[in-house]
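Open your viewer and get the selection tool ready. We'll go from stop to stop, and at each one you'll hear what to select and what to look for.

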Amino acid sequence: MAKYGKFRGVGNYLVMAGKMADDLDERIGYYGEHLVLLAQMLGLNTCWAGLSYSKVPGTYVLDKDEKIACYIALGYGETQGVTHRIKTVEQVSNISNNTPAWFLKGVEAALLAPTAVNQQKFSFEYVGVDNGIHQVIARKGFSLIGYTQMDLGIAKYHFEIGAGKENFKWI
Ligand SMILES: Cc1cc2nc3c(=O)[nH]c(=O)nc-3n(C[C@H](O)[C@H](O)[C@H](O)COP(=O)(O)O)c2cc1C
């Protein structure tokens, strides 16, 4: 594992694979981030690796219709990572005086989510209330690098944690 990466000596990693499907990348991001945050809470360090890794035959078994979407490196890092610029709430959402407080918390949590090359090509739209239930849309932006669908899954999980899953529904 390494190229644009910041890794070396990665001995442990999760192979993130699944049945080919249009929404595979988003689900890998969403559920993979559950594992990432759990690992971090246990005191481990992690890094998503979609670009800079090499597949080692014999370390995974795939069915014919399955594919590897990415890897998650796992272990004790030399550092806890570095801080970097993040976008503003206004850049990635329709936040206003009319949006609920939990919406801001969700967007703020999403802005702390890891994304491929820190591209943060996602946005959240507060739509309104339908039948007493608040509605939110999450969208991926365009990127030549790709990985926007996986990033979106990761960001949506963060949004749910920040906003409180019980407060709204995705549409
Ligand atoms: C889907 C995805 C793929 C990534 N692929 C790589 C990679 O191949 N190599 C790498 O060094 N970092 C990779 N990263 C890590 C990002 O470049 C970036 O360092 C990280 O998301 C920022 O995390 P931080 O906010 O915790 O610093 C990837 C992140 C995501 C979400």
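Two strands pair if DSSP finds at least two bridges between them. Helices (H or I, at least four residues) and strands (E, at least two) are DSSP runs, numbered from the N terminus. Keep in mind that this is a predicted model: local features need pLDDT of at least 70, side-chain atom pairs count only at pLDDT 80 or more, and totals for chains, interfaces and linings use all residues. Residues are numbered from 1 along each chain as its sequence is written.

**Stop 1: one sheet**

Select residues 45-49, strand E2, and residues 66-75, strand E3. Five bridges hold this antiparallel pair together. Click on Thr46 and you'll find Leu74 of E3 opposite. Now add strand E1 (12-19), and you have an open antiparallel sheet with the order E1-E3-E2. E1 and E2 are the edge strands, each pairing on one side only. From one strand to the next, the twist averages 25° (angles run from 0 to 180 degrees between N-to-C directions, and axes are lines fitted to C-alpha atoms, for helices over the stretch in contact).

**Stop 2: the helix on top of that sheet**

Select residues 24-41, helix H1. H1 lies across E1, E2 and E3 and runs at about 15° to E3.

**Stop 3: another sheet**

Pick strand E4 (122-130) and strand E6 (168-170), the edge strands here, then strand E5 (residues 133-140). This open sheet has the order E4-E5-E6, and its pairing is mixed. On average, neighbouring strands are turned by 30° against each other, direction ignored. E4 and E5 run antiparallel, joined by eight bridges. Which residue in E5 is the bridge partner of Val129? Have a look: His134 is the one.

**Stop 4: where two helices meet**

Select residues 148-163, helix H4. H4 lies across E4, E5 and E6, at about 150° to E5. Show H1 again: the two helix axes come within 6 Å and cross at roughly 40°. H1 and H4 are therefore oblique to each other (under 35 degrees counts as roughly parallel, over 145 as roughly antiparallel, 65 to 115 as roughly perpendicular and the rest as oblique).

Finish by colouring the contact, where residues count as touching if their C-beta atoms, placed from the backbone, lie within 7 Å. On the H1 side, choose Asp25, Arg27, Ile28 and Tyr30, among others; on the H4 side, the residues include Met150, Leu152, Ile154 and Tyr157.

Methods
Contact = placed C-beta atoms within 7 Å.
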